[in-house]
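Q: I would like a close look at one part of this model, with the atom-level detail kept together with its setting in the fold. Could you take me through the part where protein and nucleic acid meet, and then follow the elements involved into the rest of the chain?

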Amino acid sequence: MIALLDGNNFYASCERVFRPSLNGRPLVVLSNNDGCAIARSEEAKALGIKMGAPYFQIRHLEDQAGLVALSANFALYGDMSDRMMSLAAGLGHRQEIYSIDECFIDLAGIPGDLALRAQKIQARIRQWIGIPTCIGMAPTKTLAKLANHIAKSAERKPGHYPPEFAQVCQWPSVHDATHHHLLQATPVGEVWGVGPRLTQQLHEAGIITALDLSRADPNTIQRRWSIVLAKTVRELNGTACLSLDEVPAEKQQIACTRSFGQTVTELSDLLEAITEFASRAAEKLRKQGSQAGQVMAFIRTSPFRANDKQHSAYPTIPLPAPTSDTAHITEVACAIVRHLYKKGHRYAKAGVMLMDLQPARHEQMCLALGENMPASRHRLMTALDNVNHRFGRGTLHLASAGTAGKQRHWEMKQARKTPGYTTDWKALVVCTSV
DNA sequence: TCTGGGGTCCTAGGACCC
DNA sequence: TCTGGGGTCCTAGGACCC
């Protein structure tokens with residue numbers, strides 16, 4: 001048996017923990033640059049705000065319906081996630097942290113009433129962290145996802161699913177008539193791994209509900225679509241094809257890309273931004289203990305500005321030898337951008353991606369023709385990371401990322417960011433009345 | 001005026017090898 | 001007239017996830 005636990009409307013719920021006045025009000029959390037809604041409270045969903053809705057299209061609801069829109073505070077959400085995950089781990093023996101707000105937990109060998117146990121963990125997370133959660137439990141990951149979906153939907157839309165499945169849904173056994181009913185009541189597009197394109201194709205093939213998909217022949221599905229979808233079919237029938245991964249796999253690529261707060265036309269601004277992105281990417285790379293064999297950098301105009309001249313390109317440059325040296329990676333990324341830059345374009349976004357990642361070897365045997373990263377550079381990078389970890393990101397940086405006092409035209413907008421209540425000493429909540 | 005940022009896996013087809 | 005068979009590796013593109 002596998003459980004899937006996730007935080008309801010996670011980012012919105014995190015904000016509400018520290019501002020209870022937001023309870024009961026329509027609330028959205030915006031993406032970087034305050035661009036679009038990436039989390040919505042139930043009240044915001046009820047207003048018809050879709051996932052990814054551009055802020056400028058929903059802004060009028062602030063006056064009309066009391067909508068509150070906040071800038072994303074990812075440091076806060078990450079910290080709240082850590083706290084939630086450590087409590088969730090108490091549900092079973094092994095935990096896979098699947099995303100910032102979701103984890104799978106292996107319940108094999110756990111005795112007693114699992115639904116009761118899940119309710120206790122849920123109550124503890126609610127009381128200690130302040131986050132409401134839903135838990136689905138089933139024999140496979142795909143069914144656990146589905147059970148979780150039902151736990152959420154049964155709470156939100158009573159009548160569609162049996163009310164006893166609200167918040168905690170333990171998947172009924174295959175022999176139970178409810179099993180059949182739940183699959184039939186679920187549109188195929190709600191199944192994990194079935195996106196908009198597959199939904200359309202499956203509809204054309206007469207597969208409308210999760211029940212239809214579960215009854216399809218996996219071999220036929222594999223021939224017509226893919227092995228991925230065939231596994232989904234088997235998982236819907238209780239045959240586990242996806243394992244629980246306790247240790248997250250090493251990343252195969254590491255990226256840092258951003259839209260600008262306002263469009264940028266000058267090369268100097270682009271180079272500043274690219275320096276910053278390359279430095280961040282290199283920092284993530286070292287944190288994973290890897291080196292990159294290739295660097296990709298890009299700049300692009302906004303496809304939404306129909307009247308602007310459009311330009312974008314994404315070239316990749318192989319490095320003579322793998323490295324995790326910020327200066328080296330930045331140099332390559334800047335060279336790419338100098339080459340790409342065309343005067344007279346309004347650039348809206350840029351980024352750096354590191355690829356062909358491999359484990360860093362500090363004592364590298366020097367047979368390669370290219371120059372390896374010498375030990376002194378490793379020490380320099382370690383010192384850089386230590387200083388920035390202790391005194392805050394950007395304390396030590398390359399001069400080409402811009403100097404103090406110089407205005408960064410490209411910096412992203414975050415007009416409505418809440419304090420780092422749990423991540424910044426100066427922002428700790430202070431109790432003023434005893 | 002204003003539209004995010006990160007990832008993964010699979011497949012088909014071409015280049016190349018013996 | 002008639003021109004093999006079996007591999008591997010790489011890349012681009014498409015689909016999915018949160």
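The answer below takes the two DNA strands in turn and then moves on to the protein elements.

A: This is a predicted model, so every distance below is a property of the prediction. Around DNA strand B there are 20 residues, and those that come nearest are Ser-31, Ala-255, Thr-257, Ser-259 and Arg-305. Of the atoms of DNA strand B that come within 4 Å of the protein, 73% belong to sugar and phosphate. Sorted by residue class, the surface near DNA strand B holds eight nonpolar, seven polar and five charged residues. Strand 9 (254–264) and helix 12 (227–236) each supply at least two residues of this surface, and strand 9 gives the largest share, with six residues.

Individual polar atom pairs show how this surface meets the backbone of DNA strand B. A polar side-chain atom of Ser-31 is placed 2.9 Å from a sugar or linking oxygen of DNA strand B. For Arg-258, an N or O atom of the side chain is 3.2 Å from a phosphate oxygen of DNA strand B, and for Lys-349 a polar side-chain atom lies 3.4 Å from a phosphate oxygen of DNA strand B.

DNA strand C has its own set of surrounding residues, namely Tyr-98, Ser-99, Asp-101, Glu-102, Lys-145, Trp-192, Gly-193, Val-194, Gly-195, Pro-196, Arg-197 and Leu-198. Here sugar and phosphate make up 100% of the atoms of DNA strand C that come within 4 Å of the protein. The residues of the surface near DNA strand C divide into five nonpolar, three polar and four charged. Strand 5 (94–99) and helix 9 (196–204) each contribute at least two of them, while the largest share, three residues, is that of helix 9.

Side-chain and backbone atoms both appear in the polar pairs that involve DNA strand C. The side chain of Ser-99 has an N or O atom 3.0 Å from a sugar or linking oxygen of DNA strand C, and the side chain of Glu-102 has one 3.2 Å from a sugar or linking oxygen of DNA strand C. Gly-193, in turn, places a backbone N or O atom 3.0 Å from a phosphate oxygen of DNA strand C.

Strand 5 also holds Glu-96, which counts as buried because its relative accessibility is 8%. The side chain of Glu-96 makes a polar contact of 2.7 Å with the side chain of Lys-141. Setting aside residues up to four places away in sequence, Glu-96 touches Glu-102, Cys-103, Phe-104, Lys-141, Ser-243, Leu-244 and Asp-245; Glu-102 is also one of the residues around DNA strand C.

Helix 12, which supplies residues to the surface near DNA strand B, is also among the elements that give two or more residues to the largest nonpolar core. That core has 35 residues, of which Trp-171, Leu-202, Leu-213 and Ile-221 touch the most other members, and its largest share, seven residues, comes from helix 7. Apart from neighbours within four places in sequence, Leu-213 is in contact with Val-188, Val-194, Leu-202, Ile-207, Ile-221, Thr-232, Val-233 and Leu-236, and one of these, Val-194, is listed around DNA strand C as well. A second, separate core comprises 32 residues, including Phe-277, Val-295, Ala-297 and Ile-329. Such clustering fits a broad tendency, since nonpolar side chains in soluble globular proteins tend to be buried together.

Ile-329 leads to Leu-285, a residue of helix 13 (residues 267–288). Leu-285 is buried, because its relative accessible area is 0%. Among the residues it touches, not counting those up to four places away in sequence, are Ile-254, Thr-323, Ile-329, Leu-354 and Leu-357. Leu-285 and Ala-360 are 75 residues apart in sequence, and their C-alpha atoms are 9.6 Å apart in space.

There remains the pairing of strand 2 (residues 27–30), which runs parallel to strand 4 and is joined to strand 4 by four bridges; within this pair Leu-27 stands opposite Val-68. Strand 4 (residues 68–71) is covered on both faces, with Val-68 and Leu-70 buried on one side and Ala-69 and Ser-71 buried on the other. Strand 2 also pairs with strand 3 (residues 37–40), in the antiparallel sense and over three bridges, and Val-28 has Arg-40 as its bridge partner there. Strand 2 and strand 3 form a hairpin with six residues between them, and in its turn Asn-33 has a positive phi of about 70°.

Conventions:
Residues numbered from 1 in each chain as written. Chains lettered and ligands numbered in written order. Predicted model: local features only at pLDDT ≥ 70, side-chain atom pairs only at ≥ 80, totals over all residues. Heavy atoms only, no water. Near = heavy atom within 4 Å. Polar contact = N/O pair within 3.5 Å; in protein donor to acceptor, adjacent residues only side chain to side chain. Nonpolar A, V, L, I, M, F, W, Y, C, P; charged D, E, K, R; others polar. Buried < 20%, exposed > 50% of the residue type's maximum accessible area, 1.4 Å probe, protein only. Pairing = 2+ DSSP bridges. Core = buried A, V, L, I, M, F, W, Y, C linked by side-chain atoms within 4.5 Å. Contact = heavy atoms within 4.5 Å.
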